[in-house]
Amino acid sequence: MAERGVRWGILATGGIAAAFAADLVDLPDAEIVAVASRRRESAEAFAERFGVARAYGDWESLAADEGVDVVYVATPHTAHRAAAGLCLEAGRNVLCEKPFTLNLREAEELVALAREHGRFLMEAMWMYCNPLVRRLKALVEAGAIGEVRSVHADFGLAGPFPPAHRLRDPALGGGALLDLGVYPVSFAQLLLGEPDGIAASAVLSPEGVDLQTGAVLSWESGALASVHCSITGGTAVTASVTGSRGRIDVPAGFFHPDRFVLHRDGREPEEFTAGPADGPRTSLRHEAREVMRALRAGEKESPLVPLEGTLAVMRTLDAVRERIGVRYPGEAGAVLAR
């Protein structure tokens, strides 16, 4: 792709779509050229807010728009398979919000479609593109804390959320695990890869979604990860990585940190902080930049958020759901088998 600006389409108009669009507007080499919603008035309001030229009242028109280089799919995750699949089949490149899909089967279908049509596809796991998270990963891989022995990460919201809220609606893939737990699981697997063993327990709502879930992931190396998510209590939202020769602590908001502390045996603690060019810690621009870099390089996936890594996380989420007994409408009995 030439060095001209990358032309973005936004599919859906909710809060995360608005946050992403606001960051795209600040990138000089990004241009939002189209937006789509199932409600035309919603698309038109979004277009007016962000200065978007074309507003569509259906997904198909955006997918067919050849003036769009890449589509950001920001629907609820129950619609990711349909929305992203529609765009890939129409020849569009896709950045799809997390969790990537409802289950592994749908994720595998999207990856197969991207490869069949020769299109770029990436999960919008912005944590993996964060400069400080990348620095943390590099330190761990370089042996700064020795061999990794354990990882801890948690993400809980206080609520309370009424039964009609999307986080408790089975039809929208509700529950703590997919919406929040994807971050602790992804953090652990960023550092250790796909686990060899999984144990999990949860408290379920009357609707059958998980109100809180705890899981222990294990690896043949002897490493363990404890991950926790909740929609019934606000947790510290911190993470830590302990190795044979030290530890890294990531404070509140571990999935978009502005600092972390490296403790090495026999040394004073070292604090790593975000640089002035990194922008606000809530910025989604890092993942947008990575998508545009990959498109210009002719890559079909990002080395920062590889598709096999996304599939591995979905396998873990499926396995946790199998153990805690959470299934969503329309899922076949064999979907979560592992």
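## The six-stranded sheet

Strand S2 (residues 30–36) runs parallel to S3 and is joined to it by three bridges. One residue pair across these two strands is Val35 and Ala55, with Ala55 standing opposite in S3. The coordinates described here are those of a predicted model.

S2 and S3 belong to an open sheet of six strands, ordered S3-S2-S1-S4-S5-S6, in which the pairing is parallel. Its edges are formed by strand S3 (54–56) and strand S6 (121–123), each of which pairs on one side only. From one strand to the next, the twist averages 25°.

## Helix H9 and the loop before it

Helix H9 (residues 285–296) lies across several strands of this sheet: strand S1 (6–11), S2, strand S4 (70–73), strand S5 (93–96) and S6. The helix runs at about 125° to S1.

The loop between strand S14 (270–273) and H9 contains Asp278. Asp278 is buried yet takes part in no salt bridge. The nearest side chain of opposite charge is that of Arg289, 6.6 Å away. A salt bridge requires a separation within 4 Å, so the distance of 6.6 Å between Asp278 and Arg289 does not qualify. Apart from neighbours within four places in sequence, the contacts of Asp278 are with Pro131 and His286.

## The eight-stranded sheet

A second open sheet has eight strands in the order S8-S9-S10-S7-S11-S12-S13-S14, and its pairing is mixed. S8 and S14 each have a single partner strand, so one side of each is left without a neighbour in the sheet. The twist in this sheet averages 10° from one strand to the next.

Strand S10 (residues 224–230) has a parallel partner in strand S7 (residues 148–156), with seven bridges between them. Val151 has Ala225 in S10 as its bridge partner. Strand S9 (residues 210–218) pairs with S10 in the antiparallel sense, also over seven bridges, and here Ser218 is bridged to Leu224 in S10. S9 and S10 form a hairpin with five residues between them. In the turn, Gly222 has a positive phi of about 100°.

Further along the sheet, five bridges hold strand S11 (residues 239–243) and strand S12 (residues 246–250) in an antiparallel pair. Val241 stands opposite Ile248 in S12.

## Helices on the eight-stranded sheet

Two helices contact this sheet. H8 lies across S7, S9, S10, S11 and S12, and its direction is at about 160° to that of S7. H10 packs on the sheet as well, touching S8 and S9 and making an angle of about 55° with S8.

In the loop between strand S8 (197–204) and S9 is Gly208, a partly exposed residue with 25% relative accessibility. Gly208 lies 120 residues from Tyr328 in sequence, while their C-alpha atoms are 8.6 Å apart in space.

## The nonpolar core

The largest nonpolar core has 121 residues, of which Trp8, Phe187 and Phe254 touch the most other members. Helix H8 (residues 176–192) gives the most to this core, contributing 12 residues.

Not counting residues up to four places away in sequence, Phe254 touches Met127, Val133, Ala153, Asp154, Tyr183, Pro184, Phe187, Val237, Thr238 and Ala239. Phe187, another of the residues that touch the most core members, is thus itself in contact with Phe254.

## Salt bridges

The structure holds 23 salt bridges. Side chains of opposite charge can pair when their charged atoms come close. One of these bridges links Asp318 and Arg321, whose closest N and O atoms are 3.8 Å apart. The two residues are three apart in helix H10 (residues 307–324), which means that about one helical turn separates them. Asp318 is buried, at 4% relative accessible area, and Arg321 is buried too, at 1%.

Glu322 pairs with Arg327, with 2.8 Å between the closest N and O atoms. Both are partly exposed: Glu322 has a relative accessible area of 33% and Arg327 stands at 34%. Elsewhere, salt bridges that share partners join Arg115, Glu301 and Glu308 into one network. Another bridge is formed by the side chains of Glu270 and Arg264, 2.8 Å from N to O, where Glu270 is partly exposed with a relative accessible area of 27%.

Conventions
Residues numbered from 1 in each chain as written. Predicted model: local features only at pLDDT ≥ 70, side-chain atom pairs only at ≥ 80, totals over all residues. Heavy atoms only, no water. Pairing = 2+ DSSP bridges. Helix = DSSP H or I, 4+ residues; strand = E, 2+ residues; numbered from the N terminus. Axes fitted to C-alpha atoms, helices over the stretch in contact; angles between N-to-C directions. Contact = heavy atoms within 4.5 Å. Buried < 20%, exposed > 50% of the residue type's maximum accessible area, 1.4 Å probe, protein only. Lys, Arg positive; Asp, Glu negative; His and termini not counted. Core = buried A, V, L, I, M, F, W, Y, C linked by side-chain atoms within 4.5 Å.
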